[in-house]
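Take a slow walk through this structure with the sequence at hand. The path goes from the backbone to the sheets, then to the ligand.

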Amino acid sequence: MDEPIRESGPHLADLLRDALTGDGPLYRQLADALRQAVDRGEIPLGTVLPPERALARALAVSRATVVAAYDRLKTDGWLESRQGSGTWVRTPDEGDAGSDAVATGRLFLSVGGGEQRSGPGEPADDAPADVVDLSVAAVTGSPIVNEVLASLTPEDIAPLTAHHGYVPQGLRALRDHVAQRFTDDGLPTGAEQVVVTTGAHQGISLVARQLLRPGDTVLVESPTFPGALDVFRRFGARPVPVPVDEHGVRVDLLEDLIVRSDPRLFYVSPHFHNPTGTVLPAERRAVIAELSRTRRLPVLEDLAMADVVLDDVDLPPAIAAYDPDAPIHTLGSTAKLFWAGMRVGWVRSPADTAARTLAVKTVADLGSPLVSQLLALRLLERREEVQAERRAELRPRRDHLAALLAEHLPEWSFTLPAGGLSLWCTLPRGNAEEFAELAGRHGVTVVPGPALSVDEGNRRALRLVFASPTADLDEGVRRLAQAWTGYSAASEHRPASRLLV
Ligand SMILES: Cc1ncc(COP(=O)(O)O)c(C=O)c1O
């Protein structure tokens with residue numbers, strides 16, 4: 001076999017430097033420049049690229065920028081790498097995901113250059129040592145998780161190990177509990193309608209696999225949970241945005257969108273929407289349920305955030321409760337209240353499709369881990385206690401972050417959510433992706449709106465997660481304000497939103 005061409009850092013930097021003067025985050029400009037150089041034949045297929053550090057040095061950018069650019073191109077199928085062989089150029093084939101395929105991964109890349117590549121407790125080698133992370137909408141495990149875990153006895157485990165352990169539908173006692181909770185909350189449910197999943201994330205996949213074929217359209221709120229966008233795109237579907245307002249998804253636009261885009265699914269988060277925190281009013285839920293039945297449009301409602309209640313609000317019943325004959329699937333999770341590390345969620349399907357959901361789950365993995373399910377059940381039995389504990393912890397953090405923003409970033413606007421884990425902020429000017437990248441360099445990670453949007457929309461929005469201790473919020477906002485001072489002045493004095501630092 002011929003030796004591959006090996007690009008040196010300085011030579012490649014010469015090829016690319018001139019292209020790095022446009023708009024948007026630097027890693028993206030670098031990725032685009034590399035791809036265009038491949039398109040023009042300046043970098044032949046099979047060329048081995050210089051190590052990230054060498055290219056970073058030659059271009060005088062951070063290594064994180066090059067890592068993020070290489071990662072983007074790997075996701076899109078333009079680069080491949082193997083330990084010991086380096087990173088080389090290829091062309092995407094049909095199996096590659098397409099340019100926007102990994103929103104959740106990209107989300108981390110777009111906010112400061114790959115800190116999330118490290119394992120727990122290991123900082124990435126060129127990230128600031130003490131990055132304040134306001135980007136991940138998740139909580140550390142409740143102390144009650146540790147307590148319940150430590151309290152499990154051999155007698156608790158013995159009934160599980162006495163069985164061979166393949167239970168695709170999930171532990172009966174857990175399904176009974178979940179079904180009873182739905183019923184108590186106004187959505188009559190039998191245990192046979194519930195399938196336990198490896199997180200709500202897998203629930204999204206199970207429903208997508210049942211319903212979507214390549215080329216299908218899925219209506220999604222914009223912004224939305226980016227993991228759902230990843231799943232829909234993996235199945236070859238095309239997400240179409242449905243705008244939201246301060247009360248949640250704009251149902252007045254829905255019928256028209258259904259007619260125009262002929263969707264196969266509508267994905268919606270009615271309880272404490274991630275990232276906006278809105279609770280969808282009962283009337284809008286009723287409209288969705290009715291449209292679902294009359295148009296035979298399957299709906300996937302995601303209640304993953306539903307138990308993170310911070311203020312006294314009336315939560316209307318799940319959308320499925322408004323029309324028992326509508327094809328509506330409902331997801332739940334233990335991640336946001338208790339701990340994501342258990343990886344336990346569930347999907348409730350309409351009675352006539354529950355068997356199909358179970359079949360898809362069986363093919364996916366033959367069932368979720370039973371010990372986690374037992375832990376989840378014990379925790380769900382103490383849900384109200386954990387909810388009180390979370391509220392006592394998170395509500396002051398939410399209010400603290402809101403007060404810090406009002407004091408140090410008074411031009412930013414947001415609505416205080418009654419639940420969930422984040423503030424959805426609007427910048428008065430500039431571009432949220434650029435600003436998030438700059439904030440990353442000041443040592444604070446936040447998620448820009450386009451990373452949570454279908455069409456790279458919400459360009460002036462940022463998601464700030466308030467789950468961290470108040471000292472971290474203090475430092476995070478101090479850094480954000482510092483970054484904003486320079487950014488805001490620069491963006492006021494230029495026509496297009498181009499980052500000058
Ligand atoms: C709306 C929504 N759905 C699903 C998930 C994933 O939940 P799980 O950890 O249960 O897979 C998240 C996590 O951020 C979320 O915000």
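Phe272 sits in the loop that runs between β9 and α12. This is a predicted model. The backbone at Phe272 has an unusual sign for a residue that is not a glycine: phi is positive, about 50°. Is Phe272 buried or exposed? Buried means under 20% relative accessible area. Phe272 has 1% relative accessibility, so it counts as buried.

Stay in this loop. Pro275 lies there too, between β9 (265-268) and α12 (282-295). Asn274 and Pro275 are joined by a cis peptide bond. Its omega is about 20°. Keep Asn274 in mind, for it returns with the ligand: it is among the residues that come nearest to it.

A second cis bond can be found elsewhere. The peptide bond from Ser222 to Pro223 is cis, and omega is near 10°. Pro223 belongs to the loop between β6 (217-222) and α10 (226-234).

Positive phi also appears further along the chain. Glu456 is not a glycine, yet its phi is positive at about 60°. Look for Glu456 in the loop between β15 (447-448) and β16 (461-465).

Now step back to the whole chain. The domain assignment gives domain 1 (9-89), domain 2 (99-138 + 385-491) and domain 3 (153-381). Domain 2 is thus listed in two segments, 99-138 and 385-491. How many Å separate the C-alpha centres of domain 1 and domain 3? They lie 39 Å apart.

Next come the sheets. Strands of a sheet pair through backbone hydrogen bonds, either parallel or antiparallel. One open sheet has 8 strands. Read across it, the order is β5-β12-β11-β10-β9-β6-β7-β8, and the pairing is mixed. Why do β5 and β8 each have a side without a neighbour in the sheet? β5 (194-197) and β8 (248-249) stand at the edges with a single partner strand each, so one side of each is left open to no neighbour in the sheet. For β5, strand β12 (residues 345-348) pairs in the antiparallel sense, over 4 bridges. Within this pair, Thr197 stands opposite Gly345 in β12.

Another open sheet has 3 strands. Its order is β1-β3-β2, with antiparallel pairing. Here β1 (48-49) and β2 (79-82) stand at the edges. Each has a single partner strand, so one side of each lacks a neighbour in the sheet. β1 pairs with strand β3 (residues 86-89) over 2 bridges, in the antiparallel sense. Leu49 stands opposite Thr87 in β3.

The ligand is the last stop. There are 13 residues around it, and Ala200, Asn274, Asp302, Ser333 and Lys336 come nearest. By class, the shell holds 6 nonpolar, 4 polar and 3 charged residues. Which helix gives the most to this shell? Helix α9 (residues 199-211) does, with 3 residues.

Some contacts are worth tracing by eye. Asp302 has a side-chain N or O atom 2.6 Å from a nitrogen atom of the ligand. His201 uses its backbone: an N or O atom there lies 2.9 Å from an oxygen atom of the ligand. Arg343 places a polar side-chain atom 2.8 Å from an oxygen atom of the ligand. How much of the ligand does the protein bury? Taken alone, the ligand exposes 400 Å², and the protein buries 92% of that.

How values were computed
Residues numbered from 1 in each chain as written. Predicted model: local features only at pLDDT ≥ 70, side-chain atom pairs only at ≥ 80, totals over all residues. Heavy atoms only, no water. Near = heavy atom within 4 Å. Polar contact = N/O pair within 3.5 Å; in protein donor to acceptor, adjacent residues only side chain to side chain. Areas by Shrake-Rupley, 256 points an atom, 1.4 Å probe, with all protein chains shown as cover. Nonpolar A, V, L, I, M, F, W, Y, C, P; charged D, E, K, R; others polar. Buried < 20%, exposed > 50% of the residue type's maximum accessible area, 1.4 Å probe, protein only. Pairing = 2+ DSSP bridges. Domains from an automatic or database assignment.
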